[in-house]
Amino acid sequence: MGSTVIDIPDGEGFVPCSEEKQKKVGDICCQFPIVLFFKEMKSNKHMTRKVIHSIKVGVALVFVSLLYLLDPLYKQVGENAMWAIMTVVVVFEFFAGATLSKGINRGIGTVLGGGLGCLAAIFAQAVGGVGKAIIVGITVFIFGAAATYTRQVPNVKKKFDYGAMIFILTFSLVVVSGLRAEQVLEIARDRLSTIAMGFAICLFISLLVFPIWASDELHDSLVARFEDLAVSLEGFSKEYFGNVNEKEKSSFNFSSKCKSVLHSKTKDESLVNFASWEPWHAKFGFCYPWGIYLKLGEDLRDLATTILSLKGSLKSPTQPSESNTCRQPVKEPCEAIVASLAWTLRELGESIKKMKKCGSEDTILPKLKTVRQELSQIPGPSTFGTNDLERTDGLGLATFMYSMVEMVEKMEELAKHVEQLGQLGGFS
């Protein structure tokens, strides 16, 4: 058998591997996918969290299976142990807040559905005869229809949709399966106890064993969007004024980051909902103003829309070409303005990241006011020439300048919301 020698740096005189040796190393990695898996997991934080979540779910299922495997426990719960396993499967979510939300919803739905189902079954037993079936049918229809209608109310659907669904399920099962009042009470009690066991296991593992917080994900993703928009704005400026070569232009697409910001609304709403269920942890206390994150996300999407609309100015025939003299008089002031706007975005993002007040009234807003004044001093389209082509180019450039003014207005609104978050969130 042959051997493969891999160069290992010893700090001095390191000689890189040849292409042949590098190929052999790649072949070894391909033969052992587990090596690539751990390498990817080490460099990818999100993948690491996925693996942790998968392991946590597996451990939870092992614990809840003990209700079946251990005879003393099985004698206590019997076949109702399947409800504990089902609870772990449907309740355990990726984020701790989502697990807590689903667990509480399931508990409330089970208690209300089981309690009202027992009362309806007892009443049907008291009536007896044909009236028993009629009472069961009427109660199932009324409560099922009412709960289904409630699920369509926006405020209820946002936080308690799963609880309403569990209420319908539990109520219908308890009423229909109850032959005698004593059996109904026993079914409800045993089912509730096993569901509580499954939820307790989910809660313990989700909150105490390497917890994955929705609040952290929301906070980090929002901060990253500030940087994405700043980079996009700078990228557009370079491309618009011809400060980028073809190779850099092909490798960097500023619109991709803007599109990712535009598609963040659904994710933000879900994370805010999950974060509102999470207990006090780390830097986020009770009653933290998560609703302001939705306002900030909306402001960032408005900014992304404005930046993305500028992409048309790169291809539009009404815009001046890179060699045209229309851009030269405004190139330096526009680049300075773009640099100021990018700096503002990074300052606001850094303020949220470090949870420190940015002092928008003292630094950010005066800076934006100065930018607005600089924009007003840039020559208008009437100064760029008298022939039709020059006027058309000047009007195209005026459209670009108007977008910059609109961007300043949106950043002022964004700065006010960041300041509001600092006040309500207790930033230092």
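1. Let's start with a cysteine. Cys-258 is buried, its relative accessible area coming out at 0%. Keep in mind that this is a predicted model, with every value here computed from it. Cys-287 is the opposite case: at 80% relative accessible area, Cys-287 is exposed. As for disulfides, the structure has zero.

2. Now the aromatics. How many aromatic pairs does a search of the whole structure find? The count is eleven. One of them joins Phe-284 and Trp-290, with 5.0 Å from centre to centre and 50° between the planes, a tilted arrangement. Both partners are out of the solvent by the usual label: Phe-284 has 1% relative accessibility and counts as buried, while Trp-290, at 7%, is buried too.

3. Trp-290 also pairs with Tyr-288. Their ring centres are 4.6 Å apart and the planes meet at 55°, so this pair is classed as tilted as well. Why is Tyr-288 called buried? Its relative accessible area is 8%, and the label applies to anything under 20%. Step back a little and the ring pairs tie Phe-284, Tyr-288, Trp-290 and Tyr-293 together as a cluster. That's the patch I'd pull up on screen while reading this point.

4. Two lysines are worth a look for where their charged ends go. Lys-102 is placed over the face of Tyr-162, 5.0 Å from the ring centre. Lys-159 does something similar with a tryptophan: its charged end sits over the ring of Trp-277, at 5.5 Å from the centre.

5. Next, some backbone. Most residues other than glycine have a negative phi. Phe-210 goes the other way, with a positive phi near 45°. Where is Phe-210 found? It's in the loop that runs between helix H9 (181-208) and helix H10 (214-240). The side of the story about solvent is simple: Phe-210 has a relative accessible area of 61%, so it counts as exposed.

6. Met-355 is another non-glycine residue with a positive phi, this time about 55°. Met-355 belongs to the loop between helix H16 (328-354) and helix H17 (360-377). Is Met-355 buried or exposed? It is buried, at 11% relative accessibility. Set side by side, the two loop residues part ways here: Phe-210 is exposed, whereas Met-355 is buried.

Key
Residues are numbered from 1 along each chain as its sequence is written. This is a predicted model: local features need pLDDT of at least 70, side-chain atom pairs count only at pLDDT 80 or more; totals for chains, interfaces and linings use all residues. Side-chain values use heavy atoms; hydrogens and water are left out. Rings of Phe, Tyr and Trp (its six-membered ring) pair if their centres lie within 6.5 Å; planes under 30 degrees apart count as stacked, over 60 as edge-to-face and the rest as tilted. Buried means under 20% relative accessible area, exposed over 50%, partly exposed in between (1.4 Å probe, protein chains only). A charge sits over a ring if NZ of Lys or CZ of Arg is within 6 Å of the ring centre and within 35 degrees of the ring normal. A disulfide is a pair of cysteine sulfur atoms within 2.5 Å. Helices (H or I, at least four residues) and strands (E, at least two) are DSSP runs, numbered from the N terminus.
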